[in-house]
Number of protein chains: 2
Amino acid sequence: MPANLHLSYRKLLERNKSLVVLGSAEAIVSWDMETMMPPKAVQLRSEQLALLSQIHHKMSTAPATGKLLDAILGHPRYEDLTDVEKRNVQLIKKSYDEQTKLPSALVTAMAKQRALTVNTWKKAKAAKNYAAFKPELSKLIELNRQAADILMKVKETSTPYDALIDIYEPKTTTQAITKVFDELQRGLKKLLQKLCASQNQPDTHMLKQEVPVEKQRLIAKALAQTLGYDVESPEAAGRIDETEHPFTTGYYDDVRITTHYYPNNLASAVFSVLHETGHALYEQGLAQEWKFQPVGSPCSMGIHESQSRLYENIIGRSREFWTTQLTKIQATAAPSLSNVELDGFIRAVNAVKPSKIRIEADEVTYNLHIIVRFQMERDLFAGELSVDELPAVWNQKYKETLGVEVENDAEGVMQDTHWASGLYGYFPTYALGNIYTGQIMGAIQKANATWRSELTNGNLTGVQKWLADNIYCHGDLYDPADLIKKATGTTLTVKPYLKYLTEKFSELYAF
Amino acid sequence: MPANLHLSYRKLLERNKSLVVLGSAEAIVSWDMETMMPPKAVQLRSEQLALLSQIHHKMSTAPATGKLLDAILGHPRYEDLTDVEKRNVQLIKKSYDEQTKLPSALVTAMAKQRALTVNTWKKAKAAKNYAAFKPELSKLIELNRQAADILMKVKETSTPYDALIDIYEPKTTTQAITKVFDELQRGLKKLLQKLCASQNQPDTHMLKQEVPVEKQRLIAKALAQTLGYDVESPEAAGRIDETEHPFTTGYYDDVRITTHYYPNNLASAVFSVLHETGHALYEQGLAQEWKFQPVGSPCSMGIHESQSRLYENIIGRSREFWTTQLTKIQATAAPSLSNVELDGFIRAVNAVKPSKIRIEADEVTYNLHIIVRFQMERDLFAGELSVDELPAVWNQKYKETLGVEVENDAEGVMQDTHWASGLYGYFPTYALGNIYTGQIMGAIQKANATWRSELTNGNLTGVQKWLADNIYCHGDLYDPADLIKKATGTTLTVKPYLKYLTEKFSELYAF
């Protein structure tokens with residue numbers, strides 16, 4: 001007599017809810033560490049986070065979950081479950097299999113090595129000394145290679161690197177990414193040549209005017225509210241705080257963003273707030289009835305990034321958006337920015353200039369920074385590139401791709417925290433996000449031909465409604481390729497994105 | 001062959017450490033709820049706190065702890081343990097016994113009823129309607145009575161109410177408290193008659209001058225720093241935030257206080273910051289080598305309150321302290337307070353006036369508010385007072401004790417959250433804290449006869465050193481009665497406190 005299917009399902013979801021709730025509490029504790037924690041608490045906080053993570057791991061690998069999964073998946077009436085229920089079961093199974101198949105000794109070794117490698121990275125970067133970083137990086141990569149070998153079997157991917165990508169962008173392969181990135185790289189190369197050769201370079205001096213941090217906070221809040229991210233009403237589910245590097249964290253009714261204010265760089269805060277607001281609106285827009293269920297999650301890191309880039313770049317660097325917003329930020333920033341006019345401002349915030357640092361890159365060259373990293377990760381995990389060779393290959397690729405000379409490894413291969421933090425397979429999602437925005441933009445255009453001109457009136461409802469109905473509401477019901485197909489009608493393609501960039505920048509640079 | 005004693009002990013402490021670390025993480029999540037959380041997150045936050053509390057309860061009642069306790073306490077070489085080690089074992093045993101002896105159905109029922117009763121209390125208080133509050137309060141008291149009956153056996157106290165007091169003030173009895181409170185009440189009655197009859201009443205108008213919140217924040221921070229509570233250096237282990245009701249929370253290297261700023265009531269923020277700073281310094285001053293051990297905790301709520309009252313009242317309302325501090329806050333508050341001189345200020349912040357609301361009470365009458373509550377709790381749990389009779393008895397006692405007419409139950413029996421929150425046996429610790437300060441003051445005086453005049457130079461090191469060496473460093477090594485005896489040389493006595501009040505106020509009111 002098989003166990004009651006629906007009862008098992010409810011029990012499984014109950015266990016999943018506890019994991020989600022615990023995870024959301026861990027997020028608060030981590031957020032506090034970045035934003036509020038008194039400096040002396042560092043050691044205590046690491047003990048707290050380690051304990052919570054240990055409790056989380058124990059709960060997520062509990063044999064009772066495995067038994068419930070077996071009872072449900074082997075149940076003669078499994079097909080009675082709805083598509084959403086089946087997806088929930090599959091997502092829990094995927095996570096359970098991955099976590100239980102990795103030996104706990106390996107999980108612990110990776111956690112320890114990550115902490116060590118990040119710590120070494122900070123010092124080595126400050127000392128511009130790759131040799132000091134290399135031994136710890138090698139160990140971390142080796143441990144991740146072991147994990148990837150195991151995950152490859154669990155996830156049935158064709159290569160270990162595909163298994164790592166799958167963590168962040170499910171069912172997306174090295175092969176598929178290589179194809180679109182190659183096409184993107186070719187397109188960007190052509191565009192970049194024209195942009196660099198243009199005699200019509202924008203003047204960006206106006207962006208360096210001093211705006212006091214107190215005023216920047218008001219501007220940030222007003223922009224967030226304009227996009228529909230509520231940080232001040234009695235019904236608010238968000239807030240804006242300050243950290244060195246901006247991020248978004250939270251769950252449904254408590255999603256928080258951070259930014260950084262530099263008195264001489266208002267644009268830095270403005271665009272990071274637009275970016276993080278895009279992330280936050282996605283989290284807050286997930287279906288309320290799916291809260292605490294696996295489907296009540298964002299689809300993938302790439303889809304997440306498409307949401308932030310859409311608000312930061314497609315909308316946030318458009319003439320339409322600033323038609324109403326520029327005068328508003330000028331009113332707050334006064335007397336600063338009073339000499340700025342719309343045309344010059346739009347050209348300034350869209351200035352393209354190849355550079356060495358990813359997080360400072362413009363809308364066009366940002367993708368090239370990602371492509372370099374993707375190619376290197378891919379070759380590294382394919383055994384075609386060694387940890388010894390990373391700096392030289394990095395510098396050579398920067399020279400070839402961006403035309404810049406990297407002078408030391410701190411501004412080269414050691415600039416980002418990702419590899420030191422064990423995030424392999426994560427980088428490509430940044431450029432995938434950009435590519436998705438091209439397809440999404442096309443679909444929005446098709447659904448509502450006047451959406452761009454509506455921005456001119458400060459009206460974002462057209463975009464908001466489309467995103468809510470076509471992205472947010474689907475949560476994690478589909479893998480990203482399926483979601484993009486469903487939402488935009490086309491499979492992954494770089495063409496709309498390249499077309500958008502080419503049209504936008506040929507107009508701005510007048511070529 | 002008995003298990004290795006020291007190995008069992010280390011394992012027991014390891015389990016205790018996890019509980020402490022988890023508790024400190026829960027404290028962060030609760031703090032965030034009070035200070036930072038976006039309003040929409042209320043429901044999610046209650047799920048997070050309920051889950052963490054459930055995990056905490058499961059960990060703290062784990063049978064493995066019981067086995068380790070049995071192995072240690074029954075070990076033939078138990079006496080090899082040091083006094084500190086034995087105290088750790090006894091404290092863990094006490095907590096384990098209490099938690100495991102309470103049926104989990106009762107624990108759950110109490111948690112649910114607490115939430116319900118608080119919720120009902122808020123509405124009933126707003127509507128000044130005790131009848132609406134009474135049924136839920138009755139249920140909560142009945143559940144606590146059941147718990148007290150069980151705890152009475154575990155703790156071997158003579159009455160159920162003693163078992164409740166023991167939660168907050170270990171080994172302190174109704175009998176002992178009645179004795180000192182009766183003496184305190186008699187002494188205060190005499191003092192209060194003279195104060196009320198005095199023709200020399202202070203003028204408190206100066207305290208109602210408007211000081212912008214921004215300036216009050218600077219004053220609060222400066223006062224905290226003056227007392228040695230660091231909220232701004234790169235080594236800071238504290239911070240000050242804003243809540244409706246001030247509180248202190250945290251552990252060792254992360255202890256945070258809150259206050260509330262009213263533009264027309266600087267004194268409210270000043271004295272709450274002095275009060276909470278006293279709590280915070282105690283937490284931060286516990287022995288570093290006892291961190292994560294049971295002895296690395298404050299002794300009791302009464303001792304905790306003695307620390308806050310010492311800074312708020314004994315030091316914080318003294319002429320000596322303000323001799324240097326008044327000009328500092330005037331400099332920040334300017335042009336407000338510029339017409340204030342030291343004598344008038346000291347008289348104003350020490351004004352005594354019987355009133356209906358505990359949290360607004362002055363240094364003298366505060367104790368009477370507590371004595372009324374203690375007597376009512378005592379009689380309630382002795383079965384000599386019913387929930388029906390609470391409002392009438394409250395009003396009658398306020399008339400007799402404080403000479404005030406309570407006009408409705410919102411300003412009467414429903415004014416505090418404690419009874420609605422299931423905190424029975426907690427109130428007496430507030431006045432015990434005051435009584436302890438009298439004994440502590442005497443001991444400081446004996447150790448360092450010039451401590452008061454040192455305050456005049458803004459020098460608090462005499463007090464700080466005595467507290468560190470005689471209170472903080474002992475953590476929870478002793479029960480409060482033993483700690484007070486060890487630190488001050490005398491057993492619990494109300495005389496020094498009454499003497500202090502009488503001398504101070506006869507001078508201030510010149511009688």
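In the predicted model, A:His369 lies in helix H14 of chain A, which runs over residues 366-381. The relative accessibility of A:His369 is 0%, so the residue counts as buried, the limit being under 20%. Beyond its sequence neighbours up to four places away, A:His369 touches seven residues named here: A:Ser355, A:Lys356, A:Ile357, A:Arg358, A:Ala361, A:Tyr398 and A:Leu402. A:Asp343 is 26 residues from A:His369 along the chain. The C-alpha atoms of this pair are separated by 28 Å.Helix H14 of chain A also holds A:Asn367. A:Asn367 has a relative accessibility of 0% and therefore counts as buried. With residues up to four places away in sequence set aside, the contacts of A:Asn367 are A:Leu184, A:Leu188, A:Ala431, A:Asn434 and A:Tyr497. A:Gln146 is 221 residues from A:Asn367 in sequence. From C-alpha to C-alpha, A:Asn367 and A:Gln146 are 29 Å apart in space.

Chain A as a whole contains 20 helices and three strands. Its C-alpha trace spans about 75 × 50 × 50 Å along the principal axes. The radius of gyration of chain A is 23 Å. A compact globule of 511 residues would have a value near 24 Å, so the two agree. Buried residues account for 58% of the 511 residues in chain A. The accessible surface of chain A amounts to about 21,500 Å². Carbon and sulfur atoms contribute 54% of that surface. Contacts in chain A were also sorted by sequence separation, taking residues at least 6 apart. Of these contacts, 73% join residues at least 24 apart.

Backbone geometry was examined next. In chain A, the peptide bond from A:Ala334 to A:Pro335 is cis. Its omega is near 5 degrees. A:Pro335 sits in the loop between helix H12 (319-333) and helix H13 (342-349) of chain A. In chain B, the bond from B:Ala334 to B:Pro335 is likewise cis, with omega near 5 degrees. B:Pro335 is placed in the loop between helix H12 (319-333) and helix H13 (342-349) of chain B.

The loop between H12 and H13 of chain A also holds A:Leu337. A:Leu337 is not a glycine, yet its phi is positive, at about 65 degrees. The relative accessible area of A:Leu337 is 7%, so this residue is buried. A positive phi also occurs at B:Lys171, again not a glycine, with a value of about 60 degrees. B:Lys171 belongs to the loop between helix H7 (160-168) and helix H8 (174-197) of chain B. At 58% relative accessibility, B:Lys171 counts as exposed, because the cut-off for that class is over 50%.

Helix H8 of chain B includes B:Leu195. The relative accessibility of B:Leu195 is 1%, so the residue counts as buried. B:Leu195 and B:Phe511 are 316 residues apart in sequence. Their C-alpha atoms are 8.5 Å apart in space. B:Phe511 is also one of the contacts of B:Leu195, neighbours within four places in sequence being left aside. The other contacts of B:Leu195 are B:Gln201, B:Val352, B:Val364, B:Phe505 and B:Tyr509.

Internal space was surveyed last. The count is six cavities of 30 Å³ or more. The largest cavity holds about 80 Å³ of space. Its lining is drawn from chain B, and includes B:Met206, B:Leu207, B:Gln209 and B:Val211. B:Leu266, B:Ala267, B:Val270 and B:Phe271 also line the largest cavity. The lining is completed by B:Ile329, B:Leu337 and B:Phe345. Helix H10 of chain B, residues 266-284, gives the most to this lining, with four residues. By class, the lining residues of the largest cavity are 10 nonpolar, one polar and no charged.

Note on methods: Residues numbered from 1 in each chain as written. Chains lettered and ligands numbered in written order. Predicted model: local features only at pLDDT ≥ 70, side-chain atom pairs only at ≥ 80, totals over all residues. Heavy atoms only, no water. 1 Å grid on protein atoms, 1.4 Å probe; cavity = no way out; pocket = protein on both sides within 12 Å on 5 of 7 lines; lining within 4 Å. Points joined across faces, edges and corners; volume = space filled by probe spheres on them. Helix = DSSP H or I, 4+ residues; strand = E, 2+ residues; numbered from the N terminus. Nonpolar A, V, L, I, M, F, W, Y, C, P; charged D, E, K, R; others polar. Rg over C-alpha atoms; globule rule 2.2 N^0.38 Å. Buried < 20%, exposed > 50% of the residue type's maximum accessible area, 1.4 Å probe, protein only. Contact = heavy atoms within 4.5 Å. Areas by Shrake-Rupley, 256 points an atom, 1.4 Å probe, with all protein chains shown as cover.
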